[in-house]
Amino acid sequence: MGVGVGGVILDESVVLASDSPQHENPSLQPVADSLLRKLRHSKIPTGISYDLGLSDDKDLLGKNQQMETGNSVVTVGYVMKPSREEDFAKRGAFPLYPTQNGLIFMPLTFELPLSPQLQEVDIVLHKATDEIISIELKSRTNFSNRIVYTSGMQDLQRYLEDHPDCCVIDSFNNIYPVLDRLEIQEILLRLEDLKTEGRSTIRGPHFLKVDSFKEPDLLQRLSEAKLSLPSIVKPQVACGVANAHNMAIIFRNEDFEDLSVPLPAVVQEYVDHSSTLYKFYVLGEKVFYAVKKSTPNADILMKLSESNGLKPLVFDSLKSLPTAKEDQHYGDGNCSKATNSCVDLDLVTDAANWLREVLDLTIFGFDVVIQEGTCDHVIVDVNYLPSFKEVPDDIAIPAFWEAIKKKFELKRSK
């Protein structure tokens, strides 16, 4: 447990370069920009002392400004790539002062010994996929043996293995399925258990793993997997490596011959969905969603392919494909079906709760499209610790904090 900080006084040696004149355009230390940005996003009163002989009772922690909060404050140590941290922090997600439910957030750094830092926190929040160097998928061995992390993330992994009582959101083992598109597809097959007469079907897309696009019986295997053209081809590795988002939409059987999508790959059903994508976010026990414009139906994509000499549409899924004009809004699990006449929110909420139990994840997201004609709700992607920035901050951030605090209380109760 920790204490909150009401204000911070920084000595000039922490902020200004040692060779910088005090009164002539002083320059900042290399790490000062990041430090000051964190303090600004946390809205903590901050001062810089540049007088010689700063008195002992005004040290860097601003002891005279501390708010004693007893054992109610829980410290969350977090680690992720700087751009992601910046995105969360500027939305007020990582305050250094206590949240309304008693959390304070402390950035962890791999530039300093990790163990002393972790001894000061109660919860670890990580985006391990930001620190992946490589993933090997040629065998079905234990996934943990096939991922190579940066040395810093390996240190964190070892610490958590050696300290099983440490509360972590979420464990490395639990995030592995969302790194492997094949494994998550196989998990989605079990959505069959949610089928109820009189309701729409929620399912994963039809799929097939491919190790080589030159397999002699590939077309037969595609047919047996209920796959027809067009289809979308994705790398089996879902994230964490540079080419994980290199995909293609194919319209002819011969498109497979010289396809540049990394292998092994997953061929996935392309679902006509009226260019509408539902992004669902699970934050603990709460479910939110946003409605976004998506890729066009197959007939429009076919015209695009024809204008390109009938070549496959190759793209990076982190960048934009042709979509209708931007039109999005959000909702939560308590919204009525009248909000979106086509989506069955009760059905998707049931699936969200099912995924939370099966994956044992605290914070994750998944994308749903609704198939024209059948109204099947098809889950086309699942991801860990999404930004959920389509949901307004005043709603999403408190839910984010609540999910973290409840996970800590559940861990402590055990």
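Buried here means under 20% relative accessible area, and that cut-off comes up a lot below. Keep in mind that this is a predicted model. The chain packs in 11 helices and 21 strands, and 50% of its 414 residues count as buried. Among contacts between residues at least 6 apart in sequence, 70% join residues at least 24 apart.

**Strand β13, inside and out**

- Take β13 to start with: Ser-231, Val-233 and Pro-235 point one way, Ile-232 and Lys-234 point the other way, and all are buried.
- In a regular strand, side chains alternate between the two faces of the sheet.
- With 5 of its 5 residues buried, β13 is largely enclosed by the rest of the structure.
- On one pairing, β13 runs antiparallel to β14 over 3 bridges, and Ser-231 sits opposite Ile-250 of β14.
- β13 also runs antiparallel to β15, this time joined by 5 bridges, with Ile-232 opposite Gln-268 of β15.

**The antiparallel sheet around β13**

- This is an open sheet of 5 strands, paired antiparallel in the order β12-β15-β13-β14-β18.
- Its edge strands are β12 (207–210) and β18 (313–316), each of which pairs on one side only.
- Ignoring direction, neighbouring strands in this sheet are turned by 25° against each other on average.
- Helix α7 packs on the sheet and touches β12, β13, β14 and β15, with its direction at about 150° to that of β12.
- Out towards the β18 edge, β14 (residues 246–250) and β18 pair in the antiparallel sense over 4 bridges, and Ala-248 stands opposite Val-314 of β18.

**Two loop residues by this sheet's strands**

- His-245 lies in the loop between β13 and β14.
- Is His-245 buried or exposed? His-245 counts as buried because its relative accessibility is 16%, and the cut-off for buried is under 20%.
- Leaving aside residues up to four places away in sequence, His-245 touches Arg-181, Ala-238, Cys-239, Phe-315, Asp-316, Ser-317 and Leu-318.
- Asp-258 is in the loop between β14 and β15, and with a relative accessible area of 70% it is exposed.
- Asp-258 and Lys-214 are 44 residues apart in sequence, while their C-alpha atoms are 8.9 Å apart in space.

**The largest cavity**

- Rolling a probe the size of a water molecule over the atoms shows where empty space is left.
- Searching the whole structure turns up 2 cavities of 30 Å³ or more, and the largest holds about 80 Å³ of space.
- Which residues line the largest cavity? The lining is made up of Val-178, Arg-181, Ile-184, Gln-185, Leu-188, Lys-234, Ala-238, Gln-268, Ile-379, Val-380, Asp-381 and Val-382.
- Both α7 (181–188) and β21 (377–384) supply at least two residues each to that lining.
- Sorted by class, the lining has 7 nonpolar, 2 polar and 3 charged residues.
- A few lining residues also turn up above: Lys-234 is one of the buried residues of β13, Gln-268 of β15 is the one opposite Ile-232, and Arg-181 and Ala-238 are among the residues that His-245 touches.

**The parallel sheet**

- There is also an open sheet of 4 strands, in the order β6-β5-β7-β10, with parallel pairing.
- β6 and β10 (167–169) are at the edges with a single partner strand each, so one side of each has no neighbour in the sheet.
- Neighbouring strands here are turned by 25° against each other on average, direction ignored.
- β5 (residues 74–79) pairs with β6 in the parallel sense over 5 bridges, and Val-74 stands opposite Leu-103 of β6.
- Helix α5 (residues 151–162) packs on this sheet, touching β5, β7 (123–126) and β10, and its direction makes about 145° with that of β7.

**From α3 to β6**

- In α3, the buried residues are Arg-84, Glu-85, Asp-87, Phe-88 and Ala-89.
- Just after α3, Gly-92 has a positive phi of about 80°.
- Leu-96 is in the loop between α3 (82–90) and β6 (103–107), and at 24% relative accessibility it counts as partly exposed.
- Leu-96 and Met-106 are 10 residues apart along the chain, with 6.7 Å between their C-alpha atoms.

Terms used. Residues are numbered from 1 along each chain as its sequence is written. Side-chain values use heavy atoms; hydrogens and water are left out. On a 1 Å grid over the protein atoms alone, a cavity is a set of points where a 1.4 Å probe fits but cannot get out, and a pocket is an open set with protein on both sides within 12 Å along at least five of seven lines; lining residues have an atom within 4 Å of a point. Grid points are joined across faces, edges and corners, and a volume is the space filled by probe spheres set on the points. Ala, Val, Leu, Ile, Met, Phe, Trp, Tyr, Cys and Pro count as nonpolar, Asp, Glu, Lys and Arg as charged, and the others, Gly among them, as polar. Two strands pair if DSSP finds at least two bridges between them. Axes are lines fitted to C-alpha atoms, for helices over the stretch in contact, and angles run from 0 to 180 degrees between N-to-C directions. Contact means heavy atoms within 4.5 Å. Buried means under 20% relative accessible area, exposed over 50%, partly exposed in between (1.4 Å probe, protein chains only).
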